[in-house]
Structure formats: C-alpha cells, structure tokens
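This report looks at a surface patch, some internal cavities and one residue in a helix. Please have the sequence and the 3D view ready while reading.

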Amino acid sequence: MEFKTSLGLIAPEILLSISGLVLLLVAAWAGDKASRAISVASCVVLGACFFLVAPTLCAGLSGPDTVAFAGLFRADAFAAMAKLMIFAATGAALVIAPNFLDRLNSMRAEFPVLMLFAALGMSIMVSATDLMTLYIGLELNSLAAYVLAAFSRADERSAEAGLKYFVLGALASGILLFGMSLTYGFTGTTSFDGIRVALTGDISLGALFAVIFVLAGLAFKISAVPFHMWTPDVYEGAPTPVTAFFATAPKVAAVTLLMRVSLEAFGTQSDAWRQIVIFAALASIVVGALGAIGQTNIKRLLAFSSINNVGFILIGLAAGTPQGASAMMVYLAIYVAMTVGSFVAVIMLRDADGRPVENIADFAGLSRTKPIIAMCLAAVMFSLAGIPPLFGFWGKFVVFQAAVQADMVALAAIGIAASVIGAFYYLKIVKVMYFDEPANVAVGENDWAHWGLLIISTLVISPLGFLLTPWLGGLADKAAASLFLAI
C-alpha cells in the first residue's frame, strides 16, 4: 500500500518520464520533421503536470502524507509551488523555441525531449529530502542543460557555451559531491531529517566544512557570487530560447533546493550558514549591478541582472523565517514573469535577414520603429529595477520586509542602497530605445506566439499585477508553512 501511495505522489514525474521516453522514440523514428509536433506534445505534457501539481499547493498539503519512498521524496506544497513555476517556464521556452531555431536551421526533434527531461530533473530536485535524491535530480537536469547550451551546432558561441557550462558544471558537481560525502561522514546519514538531528548542538570543524562545500556547489547552480563566472558567457552563447529557459526554470529549482537544504537539512546550524548567505547575497547584488553597467550585449546584461536578482532572493533566505521563505517564493514567481518577458522581447528583435539583434546600440529609437515591443521591454526594465508601480517592486519589498522582521535591518538597508546601482543599466536601455536616433536594425516580423507571451508577461508585471498579491502571497505562505512544518 505504501508503494502505491508513493507512486501516486510522484505522478507528475512518472508522466514526464514516460512521455519523454515515448517522444524520444517518436523523434528517432520520425526525424526532425516531427519537431514541432513533439514540441506541442511536450507543452501538453507540461500542462498536464501543472494541473496534477496545482491541487497540492492550493490545499497547502504537508506532513507525513506527502512523503514518498521512505523519506526520499516529499511532494508537499512547497515543492508544488516550485514545480508550477518550473513547468510554466519550461512551457514558455518551448513555445518560443521552434521559430527561433528554425531560422538558424538548428531545430531538432530531440530539443523538446531534452526540455522534458530537464523539467523531470528539476521536479525531483525540489522534492528531494535525501542527498541521493538531490544528486539524481540535479544531474538529470544538468546533463540535459549541457546539451541544450550547445544545441546550435553551427554557432561557435553556442559550442563554447556548452563546453564552458559542462566543465564548470562538472567542477560544481565535484564540490557538491565532496560536501555530501563529508556530510555523510560526520552525520552517518543522507536523509535531511537525519542530518538535521545529527547537527543539533555544537558543530564540528569537519561538519562545518561539509556545510560550506554543499552550499558552494548549490551556489554555482543559482549563479551566486563568487560562483557566477559561467553565467555571462553561457547566457550569451546559448540560443536565446535556451537562455530564457536557463534564467527561469533551473533558477527556480536551484533556489528552492537551496532553501530546502539550508532550512531543512542544516536548519539547526543557521548561524553557521547565514554568514555565507549574507555575503553571497550582498556580493551578488553589487557584482551583478556593476558587471551589467559596461555590457553592450543584451543577453550578457540580462545574465548580470540574474546574478543581481539572486542576491535579492538570498536576503529572504538569510532571514531564515517562514516570512523570508514566503517572500522568496513571491520574488521567484515575479522574477519568472519578468525574465520570460525580457527574453521574448529580445527574441522578437531581428534584422531584415532574420538574424537576432543583441547589441544594445541597435535598440536605438526602437520606440519609433517597434513601439509595442519597446513599451513592453521598457516595462520589464522598470520592473527589474524595482520601480513602482510595476510588480517587480513588490518582490523586492516583501524580501526586505522579511529581513526587517527578522531584525536584519542593516542587511535590508544595504540591499536597498545597492539596488539603486542596478537601476542605472536598466534605465540605460530605456534611454536608448526612447531618446536615441533610430538605428533601423530590428525590422523583422514576429508570430502570434511571441506576441502572446510578451503581452501576458507585460500584463503580469504591470500595475495590474498587484491584483495578484493576495492570491500569490497566500500560495507562498502555504508553501513556506509546509517547508517549516517539515523541520
């Protein structure tokens, strides 16, 4: 009976696994001509998984009834909210990818299959309650991501991005494995619950090193400073739909996994890891903002923007409270909408030959040649900067509020002051679009799918987004409560 219950709890993962294998066979038999049909089928599968997971979050499920396979997997409301964001972001990337890759003659039937397996890995990551489950999910996602980064084989930048991501990802995996082995050595268990009990009281020097190495390995996955060096090159070199995917779904999975490991496995030693998180948060905010200022490529700028936003998200983790965890989930949901909107707008900017326009100087005068795209992109930039009344302001507000409630006023004050730096490079893009003479480079036409995603994303981050705050805040509170109930 317990095995049957466990299978019911992992129904979305089973659906992703079976669908991925079936579609892989279809791709092998039908070839690349079936790539669009496979993409549509993958979107349908992700939608089905979305609706399978949603009731868990709406009901705020937690406790023993959500534990599967003797404590290896937890399908609670916290994991459910992360999965909803992962499935939505993966679906958005699948919608925008086919037309983009077709223009580069790079669309292959295995692309959507890789996206499904990456989503499966991320789904396992956010539900992991054991170091073994954690690593299986992490590597399943990473192996698919390495191939996706180098998917445009005719582009040298894409091959370089894939190689860099693979080498540095392998290094991060090694660091994480070493930390996991140390953790097992000093606690005698790989279970998060067992680790938390074993680390109660004074922590030994060896166990402290275990905590540091595990957090360092996970910091690479969220591209937090000082493990951010791969991000600008990979974001620039990978095909733009893949970059949009990297900036959203894996970011959500890695951040929520970091939350579960820090608060659940290492929860009794919050004083040991809080200093690391505070440093990573402030360093990411500053380095991300300063690194973006001199960028001329929009994808590299958005890479540093993602580093900057990770810093703000980590402020909620530093608080170490249910309010901080809830604020992180709210910020992640808003961040996904902003990031999807920004990358869809970038994809829609093409020259007369259909080539992507990525140089910020080529955005000059966009408000006169592509007014709707310029307006949407400006809204995204203002929202990323946290300027009210756009929805991005609310994400920063709830994170800073959680820090203040946790008596970390100094951290909140420094974060607020550092956020001013980031406003400069966002406003620079708006200035180029609205005040410079038209460059008349981005003149390509776009399809309805891109327009639809861009308009939806813009509406979500617009002032209308504040209508979602009670609903979004309630769901985030349920997710945070289920996480802390497990502690």
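## The nonpolar patch

Helix α2 gives the most to the nonpolar patch, with 4 residues. The model shown here is predicted. The patch lies on the surface, covers about 490 Å² and is made by F3, L7, I14, I18, V22 and V26. Two helices, α1 (2-9) and α2 (11-30), each supply at least two of the patch residues.

One member of the patch can be looked at by itself. L7 sits in helix α1. Its relative accessibility is 33%, so L7 counts as partly exposed; the partly exposed class lies between the limit for buried, under 20%, and the limit for exposed, over 50%.

## The largest cavity

How many cavities of 30 Å³ or more does a search of the whole structure find? The search finds 4. The largest cavity has a volume of about 140 Å³. It is lined by 15 residues, and those closest to its centre are N141, Y165, K221, W230 and P250. Three helices each give two or more residues to this lining: α6 (131-149), α9 (205-221) and α12 (249-265).

Sorted by class, the lining of the largest cavity consists of 10 nonpolar, 3 polar and 2 charged residues.

## The second largest cavity

The next cavity to consider is the second largest, with a volume of about 40 Å³. Its lining is formed by A247, L302, S305, S306, N309, Y335, T339, S342, F343 and L384. Two helices, α14 (298-319) and α15 (322-347), are the elements that give two or more residues to this lining.

Which classes of residue make up the lining of the second largest cavity? There are 5 nonpolar and 5 polar residues, and no charged ones. The lining of the largest cavity, for its part, has 2 charged residues.

## A residue in helix α19

K431 belongs to helix α19, which spans residues 409-435. Is K431 buried, partly exposed or exposed? K431 has a relative accessible area of 43%, and therefore K431 is partly exposed.

K431 can also be placed relative to another part of the chain. K431 and F363 are 68 residues apart along the chain, and their C-alpha atoms are separated by 9.8 Å.

How values were computed: Residues are numbered from 1 along each chain as its sequence is written. This is a predicted model: local features need pLDDT of at least 70, side-chain atom pairs count only at pLDDT 80 or more; totals for chains, interfaces and linings use all residues. Side-chain values use heavy atoms; hydrogens and water are left out. Patches are made of residues with over 30% relative accessible area and no salt bridge: like charges are joined within 9 Å, nonpolar side chains (Val, Leu, Ile, Met, Phe, Trp, Tyr) within 5 Å. Accessible areas come from the Shrake-Rupley method with a 1.4 Å probe; for residues, only the protein chains shown count as cover. A salt bridge is a side-chain nitrogen of Lys or Arg within 4 Å of a carboxyl oxygen of Asp or Glu. Buried means under 20% relative accessible area, exposed over 50%, partly exposed in between (1.4 Å probe, protein chains only). On a 1 Å grid over the protein atoms alone, a cavity is a set of points where a 1.4 Å probe fits but cannot get out, and a pocket is an open set with protein on both sides within 12 Å along at least five of seven lines; lining residues have an atom within 4 Å of a point. Grid points are joined across faces, edges and corners, and a volume is the space filled by probe spheres set on the points. Ala, Val, Leu, Ile, Met, Phe, Trp, Tyr, Cys and Pro count as nonpolar, Asp, Glu, Lys and Arg as charged, and the others, Gly among them, as polar.
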